Each structure stands twice: as structure tokens, then as C-alpha cells.
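Reader: Could you pick one part of this model and take me through it slowly? I'd like to hear how it is tied into its surroundings, with the rest of the chain sketched in around it.

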Amino acid sequence: MSYDLELTRVGKVYDNGTPAVIDFNLAVQKGEFIAFLGPSGCGKTTTLRMIAGFEGISSGDMMIKGVRMNDVSPQNRPTSMIFQNYALFPHMTVRRNVGYGLEVKGMAKGERDAKVDRILATLGLEDIAERKPDKLSGGQRQRIALARGLVVEPHILLLDEPLGALDANLRKAIQNELKLLQKTLGITFIFVTHAQSEALALSDRIVVMNQGRVEQISPPHELYTRPNTPFVAQFIGRNTIFQGTVKGREEGSVMVETPFGVLAGNSNGTLVDGAAASVVIPAESIDVFKPNDPECARRDERFQGNAVGAIVTSFDVVGHVSQLGAKLPDGRSVALEAHTDKYPPGKFSVGADVILSWRRSEATVIPAH
Ligand SMILES: Nc1ncnc2c1ncn2[C@@H]1O[C@H](COP(=O)(O)OP(=O)(O)OP(=O)(O)O)[C@@H](O)[C@H]1O
């Protein structure tokens, strides 16, 4: 079976010698929604542009539906790209903007109009079809760009920060529409973003990039709960990380000796005794106890020794959410949130000693480097 899109050891070195993308491997199934996520300059846009054909590939292979694309020109690839600034023609009506790609391809007017009408209806743009884009709202312009990308019936739609120009509320609304549209049409979407929440909300899988390399490719939940590398652990979610040395295994958990005692967690890979390792705990997995809490006496049973002392630095209740700040013995801060049912107003006071605990199964042990 061939994948919709397959990148094998793809690399990009710009003419000035900048290695922008290094050994990029990815296999995408038809209809998947993939996000490229990472800090500015990590190579997301370069990779997207190589898929579109706007940027040459320096090394490796790129296949779409089993056909090698390295030397195929952008207009001959079954892809369509949507840019952050939408790149709409201000002097053309919405209808003409949307139909432009088909016009360039020389499609007859009747057939072109039918396709344009269909996509305008799908995106709810019929009423503004005869208007010019510069008289329309950001959300409407975003939809026009989407219509223009989809009307050519691409096999893969490439989106470069397509929601970046929208305000937060509109962004959220269009996110939902985009996801629904993608599932309805069954088209493969490759989406570039540096907004973590957007990638987590939209994608089937996220490719986390750092300095031109792929760090991890995982579904959002897995990325959040099971980071594979120190970079991902720091970049995704809100994790507390303890450094130490692997000291064997116990009941399937990896034991790590740290300055805070021996802590344990699951491991995604193989870690030998004596290896430098990090224990990564998502904020959502940490429970806070007062030392004299009767629950605390039983915590060893539940948390199997995973406990670190801390001092409360803040405790605020905002609506139904309790927000707790704590300081670890090494001075680092931990920020936690829970429903007020769990930590009711007044439960913790600033300056009090507390114990932070978590289940072994919810912590991940990864190589430190
Ligand atoms: N045309 C170019 N010539 C030389 N270097 C380039 C060119 N375009 C990008 N780069 C460099 O390649 C690296 C990757 O850039 P790229 O735009 O792909 O990153 P990005 O992750 O998309 O960043 P952002 O989120 O800021 O858009 C950066 O170091 C960038 O400076």
C-alpha cells in the first residue's frame, strides 16, 4: 500500500549553507490531519514548501501516492497551498479569486463555474461571491483562501499558519470549521503552526520539529502524556522534570535516582543502568497533599514512593478552578490547576509545606540528552 505522502530522509540546505531541514522522515495516510509544530526557524515552512514544490529538495525522496515528486513542478503536483496572508487578488471578486487556479489551467467556463459554485456553497460564501476581498472580514478572507485551495481538488492541502492573522475567538471558531471540513472532504491536510493549542486541537498526528530535525511524531494525547525527548517534554504541555541516573527497574517502571530521592516512571525506549535520565510528569498528573492529611499516609500505596516536598507560593481560586503555585527544594516553580471540588478555597495557605505525588504510570522516563 502506498502512502498519500512519504518523505524519506528529506534534507534542505539553502544556497548560503543553512541546513534548514535534516533527515526528515514521515509517512502520511490518506485523510490524515498532520501538524508541523515547533519554534520559529525550526524548518516547518521550508518542509511545507518542499512538499508544494516551491523549494527544491537537497537530499532524500518525496513521494505522493507512490510517485516520486522531487523534480515535479508545483503546478504538476496534486497539492494546493494556503498562505498565512491568503495572497488574494484585491481587484478580483471573490468568485474570480476562487476560480483563478482553474482559469490558469484553462478549464472551460461552464465546468469552472460549477466547481466554484459548489465550493462557495460548501464554505458559505455564496452571498459575498461578487464582492472584492478587501471589503471583507478576516474570517471571510480566510474562507476564500480555503475555497481557492480546495477548488482545484488537491490530493493534499498545505496550510502555512492559515489562522495566524485572525483574533483568538475567530481563530477558535474557524479551527472547528476547518476540522469538520477536512473530515467531510477526506483530504489530507498538512498544517504548519507554532501554536501548540491549535496543533493539539486539530491534528491526528503532530510532527514536533527542533533545529531542522523531527523530535517526535505522535497523536496529540500521546505527545502530551508520553514525550520522547527532553525538547518535547519542555515544549509541549506543562511538565515538571527531574534529572537523575537510572538505577534499575521495578514492576515495569524505570527507577531514577535524583537529588529528591528515587523516582519512577514508564519508559518509551530502552534505558540502561547508569544512564542519565529525566523523569517527566505532566502538571495534570500531580496531586498535592498536606503532610498531615490522612490521605497522605496512604499515598505510598497509590503513588509508590513518587513524592517530592514543596512549599506553597500561591493559591488562588478563579471561578471553578484552583490554581496552586509551589516551590521545589531546588528553587524551581511548579504551577498546577484543579477543580475547586478537589482543592476547595482555603485548602492550602501560602508558605505551607506540601507533598507533590503522582502515579508511576503517569510519569515518563526519557534519556536526558
Ligand atoms: N530562503 C532562505 N535562504 C536561506 N535561509 C533560509 C531561507 N528560508 C529560511 N531560511 C532559514 O532556514 C531555517 C528554517 O526556516 P523556516 O522558515 O523553514 O522555519 P519555520 O519553522 O517555518 O519558522 P517560522 O515559524 O518563523 O516561520 C531558518 O534558519 C531560516 O532562517
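Author: Let me fix one term before we start: two residues are in contact when their C-beta atoms, placed from the backbone, lie within 7 Å. Keep in mind too that this is a predicted model. With contacts defined like that, take the pairs in the protein chain that sit at least 6 apart in sequence: 65% of those contacts join residues at least 24 apart.

The part I'd pick is strand E9, residues 205-210. On one side, 4 bridges link E9 to strand E3 (residues 33-37), and the two run parallel. If you want one pair to click on, Ile34 has Arg205 in E9 as its bridge partner. E9 is also joined to strand E10 (residues 213-218), this time by 5 bridges and with the strands antiparallel. Here the pair to look for is Val208, which stands opposite Gln216 in E10. E9 and E10 make a hairpin with 2 residues between the strands, and Gln211 takes a positive phi near 50 degrees there.

Now stay on Val208 for a moment. Skip its neighbours within four places in sequence, and Val208 is in contact with Leu37, Gly38, Glu215, Gln216, Leu223, Val232, Phe235 and Ile236. You've already met Gln216 as the residue opposite Val208 in E10.

Val208 also turns up in the largest nonpolar core, which has 86 residues; Val208 is one of those that touch the most other members, along with Ala35, Ile190, Phe191, Val207 and Val256. That core takes at least three residues from each of domain 1 (5-225) and domain 2 (238-367). As a rule of thumb, nonpolar side chains tend to be buried together in soluble globular proteins. The C-alpha centres of domain 1 and domain 2 are 40 Å apart.

Follow the core over to Val256 and you can pick up Lys247 in strand E11 (residues 239-250). Not counting residues up to four places away in sequence, Lys247 touches Val256, and also Met255, Glu257, Val262 and Asp273. Lys247 and Val272 are 25 residues apart in sequence, yet their C-alpha atoms are 8.5 Å apart in space. Lys247 counts as partly exposed because it has 16 other C-beta atoms within 10 Å, and a residue needs 20 or more to be buried and 12 or fewer to be exposed.

Back in domain 1, there's another hairpin worth setting beside the one you just saw. Strand E1 (residues 5-13) is joined to strand E4 (residues 59-64) by 5 bridges, running antiparallel, and Glu6 is partnered with Met63 in E4. E4 then goes on to pair with E5, antiparallel again, through 2 bridges; Ile64 is opposite Val67 in E5. The E4 and E5 hairpin has 2 residues between its strands, and Lys65 in the turn has a positive phi of about 50 degrees.

Keep going past E5 (67-68) and you reach the loop that leads to strand E6 (79-82), where Pro74 sits. Pro74 is partly exposed, since 15 other C-beta atoms lie within 10 Å. With its neighbours within four places set aside, the contacts of Pro74 are Ala52, Gly53 and Phe54. The C-alpha atoms of Pro74 and Ile51 are separated by 8.8 Å, though the two residues are 23 apart along the chain.

Ile51 belongs to the stretch of helix H1 (residues 44-52), which gives the most to the shell around the ligand, with 3 residues. In total 13 residues surround the ligand, and the closest are Tyr14, Ala20, Ser40, Thr45 and Thr46. By type, that shell divides into 3 nonpolar, 9 polar and 1 charged.

One more stop, on a helix. In helix H2 (residues 94-104), the buried residues are Val94, Arg95, Asn97, Val98, Gly99 and Leu102, and helix H3 (109-122) and helix H4 (138-150) are among what covers them. Just past the end of H2, Gly106 has a positive phi of about 80 degrees.

Zoom right out and the protein chain has 9 helices and 20 strands. Its C-alpha trace spans about 80 × 45 × 40 Å along the principal axes, and 36% of its 369 residues count as buried.

Note on methods:
Residues are numbered from 1 along each chain as its sequence is written. This is a predicted model: local features need pLDDT of at least 70, side-chain atom pairs count only at pLDDT 80 or more; totals for chains, interfaces and linings use all residues. A residue is near a molecule or strand if its C-beta atom, placed from the backbone, lies within 6 Å of it. Ala, Val, Leu, Ile, Met, Phe, Trp, Tyr, Cys and Pro count as nonpolar, Asp, Glu, Lys and Arg as charged, and the others, Gly among them, as polar. Two strands pair if DSSP finds at least two bridges between them. A nonpolar core is a set of buried Ala, Val, Leu, Ile, Met, Phe, Trp, Tyr and Cys residues joined through C-beta atoms within 7 Å. Domain bounds come from an automatic or database domain assignment.
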